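User: I am new to this structure. Please take me through it in short steps.

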Amino acid sequence: MVDFEDVIAEPVGTYSFDGVWKASYTTFTVSKYWCYRLLSTLLGVPLALLWGFLFAGISFCHIWAVVPCIKSYLIEIQCISHIYSLCVRTFCNPLFAALGQVCGGIKVLLRKEGQS
């Protein structure tokens, strides 16, 4: 909610007459109140109908299209993941095991400062 002080703020040290400030406050508050009531009376029901249709359409698409497509994709990708896993175990695991054997004998020696 927007208050009068959020919109019209006088900096410290600069103040208008109290009567002007009070009249401005009253004018702002009353006009905001009645403008909201008028707009909600005129547009509230049509916009509620519009938003109801929109969210009903989104729900319909989600329930009858999106979720079934995702479930179907997950079922199909499960088969591919088994093949991928088999390929990794067949080709990559022996390669990395051999590289581990080759590199496993490497030792790193650190020199202390002052030693050649």
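User: In which helix does Pro 68 lie?

Analyst: A word first: this is a predicted model. Helix H2 covers residues 18-103. Pro 68 lies in helix H2.

User: Is Pro 68 buried, partly exposed or exposed?

Analyst: Buried means under 20% relative accessible area, and exposed means over 50%. Pro 68 has a relative accessible area of 38%. That value falls in between, so Pro 68 is partly exposed.

User: How far apart in space are Pro 68 and Cys 35, C-alpha to C-alpha?

Analyst: In sequence, 33 residues separate Pro 68 and Cys 35. In space, their C-alpha atoms are apart by 46 Å.

User: How far apart are the end C-alpha atoms of helix H2?

Analyst: Helix H2 has 86 residues. At 1.5 Å a residue, a straight helix would reach 128 Å. The end C-alpha atoms of H2 fall short of that, at only 84 Å.

User: At which residue in H2 does a kink of about 50° lie?

Analyst: Look shortly before the proline Pro 46. The kink there is in H2, at Leu 43.

User: Which residues does UniProt list for "transmembrane region"?

Analyst: The listing comes from an unreviewed UniProt entry. In the model, the span is 100% helix and 0% strand, and its end C-alpha atoms lie 27 Å apart. The listed residues are 48-67.

User: What accessible area does the nonpolar surface patch with Trp 51 have together?

Analyst: Trp 51 is found in helix H2. Trp 51 is partly exposed, at 45% relative accessible area. The patch also includes Leu 43, Leu 47, Phe 55 and Ile 58. Together, the patch residues have about 980 Å².

User: Is Met 1 buried or exposed?

Analyst: Met 1 sits in the segment before helix H1 (4-7). Exposed means over 50% relative accessible area. Met 1 has 87% relative accessibility, so Met 1 counts as exposed.

User: How far apart in space are Met 1 and Tyr 73?

Analyst: Along the sequence, Met 1 and Tyr 73 are 72 residues apart. From C-alpha to C-alpha, the distance is 45 Å.

How values were computed: Residues numbered from 1 in each chain as written. Predicted model: local features only at pLDDT ≥ 70, side-chain atom pairs only at ≥ 80, totals over all residues. Heavy atoms only, no water. UniProt positions renumbered as here; feature names shortened; annotations may be inferred. Helix = DSSP H or I, 4+ residues; strand = E, 2+ residues; numbered from the N terminus. Expected span 1.5 Å × (residues − 1). Bend = angle between axes of the 7 residues up to and from the residue. Patch = residues over 30% accessible without salt bridge, like charges linked within 9 Å, V, L, I, M, F, W, Y side chains within 5 Å. Areas by Shrake-Rupley, 256 points an atom, 1.4 Å probe, with all protein chains shown as cover. Salt bridge = Lys/Arg side-chain N within 4 Å of Asp/Glu carboxyl O. Buried < 20%, exposed > 50% of the residue type's maximum accessible area, 1.4 Å probe, protein only.
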